[in-house]
Amino acid sequence: MSPPSGYTALSTQHLALSTQHPALQHPALSTQHCMNITDLHKQATQKKSENEAFFRKLAKWDPRKLDEKVHQLHEEVFEEIDCLECGNCCKSLGPRITTQDIDKMASSLKMKPGTVMQSYFREDEDGDFVFKSMPCPFLGADHYCAIYTNRPKACREYPHTDRRRFYQLLPITLKNSFVCPAVFEIIERLKSGMGEKSNRQA
């Protein structure tokens, strides 16, 4: 499976890691939905065909009503899931970095942009800037992001479930369900709310 938009593929060993992630802004009330990441990938694989069929139906929905429903679920789920108890995106997805991102990082790190580039990034086969290694080098031992305020745009927007025109993001969302427990949960609740049958496991 190809990586979500804005990210580059990494080795499968990263996909199986369950960790702690600082990069999203939801302190959370509980961690009941933060399943083991290996289990997440297994369940997302089992539901791939079911979710693809469901998303074909969503593509026909009124875009405004779909946005409203997904945004509601986004807020609901992220009140329950603590990203600091997961962190799979910081450990398994390499965001594509822009020159603007590097300038902001340099400001946070009090380094010259050229030094930041040389220290942390490489250019991939598509000409995009990506981290030299993963997990993210800015993920601290305390599980917080050292450059959170000036984190890359791709990190800031992930997992995209609060963005407008969600119907345009359906393919990305399906891919993200393999990485992010919150996205998986949002899809499950969306199906449930629409009366879709699901073989969801407890």
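On one side of helix α6, Gln 100 and Ser 107 are exposed. The model is a predicted one, and this helix is a convenient place to enter it. Helix α6 spans residues 99–109, and its buried residues are Asp 101, Ile 102, Met 105 and Ala 106. These four are on the same side of α6 because they cover an arc of only 135° around the axis. Gln 100 and Ser 107 lie on the other side. The cover over the buried residues of α6 includes two helices, α7 (113–120) and α8 (153–157), and two strands, β3 (121–123) and β4 (129–131). After α6 comes Lys 110, with a positive phi near 55°.

Stepping back, the protein contains 10 helices and four strands. Their order along the sequence is β-α-α-α-α-α-β-α-α-β-β-α-α-α. Of the 202 residues in the protein, 45% are buried. Among contacts with a separation of 6 or more, 77% are between residues 24 or more positions apart. The accessible surface is about 10,600 Å², and carbon and sulfur atoms account for 49% of that area.

Helix α2, residues 37–46, can be read in the way α6 was. Its buried residues are Ile 37, Leu 40, Gln 43 and Ala 44. They line one face of the helix, since an arc of 120° holds them when α2 is seen down its axis.

The next topic is the nonpolar interior. In soluble globular proteins, nonpolar side chains tend to be buried together. The largest nonpolar core here has 25 residues, and the members that touch the most others are Phe 55, Leu 58, Tyr 158, Phe 166, Ala 182 and Leu 190. Two or more residues of this core come from each of α3 (48–58), α4 (63–78), α9 (170–176) and α10 (181–193). A second core, separate from this one, has 14 residues, among them Cys 90, Ile 102, Met 105 and Val 116. Ile 102 and Met 105 are also among the buried residues of α6. Back in the largest core, Leu 58 is one of the members with the most partners. Leaving out residues up to four places away in sequence, Leu 58 touches Leu 66, Leu 170, Leu 190 and Met 194.

Phe 138 sits in the loop between β4 and α8. With a relative accessibility of 4%, Phe 138 counts as buried. Beyond its neighbours within four places in sequence, Phe 138 contacts Met 105, Leu 109, Tyr 120, Phe 131, Tyr 144, Cys 145, Ala 146 and Ile 147. Of these partners, Met 105 is also listed among the buried residues of α6. Phe 138 and Arg 151 are 13 residues apart along the chain, with 9.2 Å between their C-alpha atoms.

Cys 145, one of the contacts of Phe 138, leads to the cysteines. No disulfides are found in a search of the whole structure. For Cys 145, the nearest cysteine sulfur belongs to Cys 136 and is 5.9 Å away, whereas a disulfide requires sulfur atoms within 2.5 Å. Cys 145 is buried, at 18% relative accessible area, and Cys 86 is buried as well, at 9%.

Charged side chains remain. Side chains of opposite charge can pair when their charged atoms come close. The structure has 12 salt bridges. One of them joins Glu 80 and Arg 189, at 2.5 Å from N to O. This pair links distant parts of the chain, with Glu 80 in the loop between α4 and α5 (88–92) and Arg 189 in helix α10, 109 residues apart. Glu 80 and Arg 189 are both buried.

A network of salt bridges with shared partners joins Lys 47, Glu 50, Glu 188 and Lys 191. Within it, the side chains of Lys 47 and Glu 50 meet at 4.0 Å, N to O. Lys 47 counts as buried, at 2% relative accessibility, while Glu 50 is partly exposed, at 23%. Another salt bridge pairs Arg 64 with Asp 62, their closest N and O atoms being 4.0 Å apart. Here Arg 64 is exposed, with 69% relative accessibility, and Asp 62 is partly exposed, with 32%.

Definitions and conventions
Residues are numbered from 1 along each chain as its sequence is written. This is a predicted model: local features need pLDDT of at least 70, side-chain atom pairs count only at pLDDT 80 or more; totals for chains, interfaces and linings use all residues. Side-chain values use heavy atoms; hydrogens and water are left out. Buried means under 20% relative accessible area, exposed over 50%, partly exposed in between (1.4 Å probe, protein chains only). Contact means heavy atoms within 4.5 Å. Accessible areas come from the Shrake-Rupley method with a 1.4 Å probe; for residues, only the protein chains shown count as cover. The arc is that of the directions from the helix axis to the C-beta atoms. A nonpolar core is a set of buried Ala, Val, Leu, Ile, Met, Phe, Trp, Tyr and Cys residues joined through side-chain atoms within 4.5 Å.
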